[in-house]
Amino acid sequence: MYGNTFSAWRADAAQDWHAYTHHPFVEGLRDGTLPREAYLRYLVQDYVFLIHFSRAWALAVVKADTVEEMRFATNTLDALLNGEIALHVATCAREGIDEATLFAAPEAVQNIAYTRYVLDAGHSGDFLDLLAALAPCVLGYGEIGLRLAAARGDTPYGDWIDTYAGAEYQQACRDVGALIDGAVTRRLGPSPQDSPRWAALSQRFATATRLEIGFWGMGLPE
């Protein structure tokens with residue numbers, strides 16, 4: 001769907017991937033049963049998450065090996081800060097939550113665990129480590145968006161679904177998948193799964209996927 005490397009990592013983490021992309025929170029978005037309070041709690045935490053996610057893409061500029069990789073990371077950073085975050089700001093504003101409140105929101109422990117893992121992957125590893133940790137969020141939301149758009153019921157969360165199923169986000173996913181394929185081939189050769197690094201990179205992807213599961217769970221009522 002979004003490139004050969006993603007397909008292979010996804011297959012390696014199949015059980016966790018299904019738990020992430022079919023989480024009860026996701027199904028609540030699809031059929032409208034997710035409580036509004038849970039959705040707003042998620043949006044607040046996702047705003048905080050995207051701030052750290054933006055920092056991770058800024059780190060990708062430092063870790064890149066080529067100008068093309070640097071440009072891609074810079075463009076993605078701009079899209080996050082000036083595009084995707086706007087959805088969260090606008091949605092929360094309609095509920096009386098302004099951006100200053102979002103930025104000052106206490107960070108949930110699941111959020112801390114996930115975002116710091118991604119940043120640590122970049123700081124302690126290289127460009128590939130960082131991409132493997134970033135990929136489940138970027139590409140998982142694309143996959144979820146497409147599935148929910150095709151099977152959604154009467155739900156008040158149509159704007160969220162349409163954002164991630166939309167042509168712009170789907171193209172972004174294809175572009176990220178191509179970036180990952182190119183970066184992997186450039187560093188590991190034409191048969192990356194034969195590389196001694198493959199297992200560790202696949203594990204990075206799997207760990208980030210499990211942290212996504214925890215992130216969804218954070219938004220559900222206790």
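Here is a short walk through two helices, H4 and H11, and one phenylalanine, in a predicted model.

**Stop one: H4.** Select residues 36-63, and you have helix H4 on screen. Its 28 residues reach 39 Å from the first C-alpha to the last, close to the 40 Å expected at 1.5 Å a residue. Now bring back everything around it: 20 of those 28 residues are buried, so H4 is largely enclosed by the rest of the structure.

**Stop two: where H4 meets H11.** Add residues 198-218, which form helix H11. The axes of H4 and H11 come within 9 Å and cross at roughly 140°. Why call that oblique? Anything over 145 degrees would count as roughly antiparallel, and roughly 140° falls short of that, so the two helices are oblique to each other.

To see who is touching whom, show side chains for Arg41, Tyr42, Gln45, Asp46 and Phe49 on the H4 side, then Phe215, Trp216 and Met218 on the H11 side. Sorted by class, this contact has 5 nonpolar, 1 polar and 2 charged residues.

**Stop three: Phe205.** Stay in H11 and pick Phe205. Is it buried or exposed? Buried, with a relative accessible area of 0%. Show what surrounds the ring: beyond its neighbours within four places in sequence, Phe205 is in contact with Phe6, Trp9, Arg10, Ala13 and Trp17, along with Ala132, Ala135 and Pro136.

**Last stop: a distance to check.** Draw a line from the C-alpha of Phe205 to that of Phe127. The two are 78 residues apart in sequence and 13 Å apart in space.

Key. Residues are numbered from 1 along each chain as its sequence is written. This is a predicted model: local features need pLDDT of at least 70, side-chain atom pairs count only at pLDDT 80 or more; totals for chains, interfaces and linings use all residues. Side-chain values use heavy atoms; hydrogens and water are left out. Helices (H or I, at least four residues) and strands (E, at least two) are DSSP runs, numbered from the N terminus. The expected span of a helix is 1.5 Å times one less than its number of residues. Buried means under 20% relative accessible area, exposed over 50%, partly exposed in between (1.4 Å probe, protein chains only). Contact means heavy atoms within 4.5 Å. Axes are lines fitted to C-alpha atoms, for helices over the stretch in contact, and angles run from 0 to 180 degrees between N-to-C directions. Angles under 35 degrees count as roughly parallel, over 145 as roughly antiparallel, 65 to 115 as roughly perpendicular and the rest as oblique. Ala, Val, Leu, Ile, Met, Phe, Trp, Tyr, Cys and Pro count as nonpolar, Asp, Glu, Lys and Arg as charged, and the others, Gly among them, as polar.
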